[in-house]
Amino acid sequence: MRKSLINGVAAVLTTAVVTLAATGPAAAADASSKVSRTTTVGIHNTYDPATFGYLAQALDLHPGLIELDVWPDIITREWKVSHSNPLGNANNCVAAASAAQLYSGGANKNLEYCLDDIRLWLGAHPDSGPLVLKLELKTGFSSRTGQGPAQLDAAIAAHLGSAVFKPADLLGGYASLDAAAKADAWPTRGQLAGKVIIEVIPGTVEEGNPTDTLWTDREYAQYLKGLAAAGTLGKAQIFPAVHNAQSGDPRGRYSDATLRPWFVAFDGDASAYVTGGIDTSWYDTNHYLLVMTDVQSISPAVPAGDVAAAQARVALVAGKHASVASSDWASMPSVDAQVVDRG
């Protein structure tokens, strides 16, 4: 009986691997599709100068998502962009004043310059997007140095301006972002051409800090709730994301239930969503944005440079209701620019 059980388990695992590997390309979506009904491809740590000399070169691949790691510099009170330096920049953003200057000049600039680069690039490619801009706040906000949600919003508003699709734009006349999402009040991709949708997640340093009891997601949700109560939600630029994959409604982790309706974006490891027994149809049914990270690592891992396997992987996670298939695919333009039907 034991041998029979082992053989049965092996057969199930083999079937699962074959299913993951054999998925073909998904059906392409077009500008008439709502953002909530499509799956795009994201590029992890897009600011890394070892991957792209200039941020504009990443944007030239027309990905659906780019990512910036942000640190509130507690000495200069600036917003730094780097992977591991809290007091300095290490990125591919430049001080461009026009689209023609996006591919020249010195890099390693503050967040505001990265935002300028995005705005200038979108201005030169008005039919592109919408682009999801994922911000990982490595250590979270720093209220003691005046670097909280309001200050980050002010920087975004000053440098991206009307290019941002804001929480208030989704809210419309609904009581909460949750209600608006469930009503599928998201615009079409064509209506959001040239626009940026910004999500923010807690950073790895913040999540590993036992003394930090107010993470980025909850702090920004509290801020959203306060703005809504004051009738000033239009100031908010960002959608806070519930970070890390979890079964059921992961917003249950917030003890303050009044914060839960302000989360309509979710972000976590693709392997956990796809192979961890999580019913991801819940995200699609409610029209929530779901970012799946490291899709290339779902077993069997996608070999570097294998376009066909990467396209199949995008189709797989689209079928699992991802809004964004985030990956390390920085050298496959035909994959990075994909927009396919979700679900």
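**Exercise 1. Find the cysteines that form a disulfide, and place them in the chain.**

Solution. Cys-93 and Cys-114 form the disulfide, with sulfur atoms 2.0 Å apart. A disulfide here is a pair of cysteine sulfur atoms within 2.5 Å. The structure holds one. Next, place the pair: Cys-93 sits in the loop between β3 and α3 (111-124), and Cys-114 in helix α3, 21 residues apart. Helices (H or I, at least four residues) and strands (E, at least two) are DSSP runs, numbered from the N terminus. Then take the angle about the S-S bond: at 105°, the link is right-handed. Last, both Cys-93 and Cys-114 are buried. Buried means under 20% relative accessible area, exposed over 50%, partly exposed in between (1.4 Å probe, protein chains only).

The model is predicted: local features need pLDDT of at least 70, side-chain atom pairs count only at pLDDT 80 or more, and totals for chains, interfaces and linings use all residues. Residues are numbered from 1 along each chain as its sequence is written, and side-chain values use heavy atoms, leaving out hydrogens and water.

**Exercise 2. Work out how strand β8 (residues 289-293) is covered.**

Solution. Count buried residues: five of five. Sort them by direction: Leu-289, Val-291 and Thr-293 point one way, Leu-290 and Met-292 the other.

**Exercise 3. Identify the strands joined to β8.**

Solution. Strands pair if DSSP finds at least two bridges between them. Five bridges join β7 (residues 265-269) to β8, in parallel. Here Ala-265 partners Leu-289. Two bridges join β8 to β9 (residues 324-327), also running parallel. There Met-292 stands opposite Ala-325.
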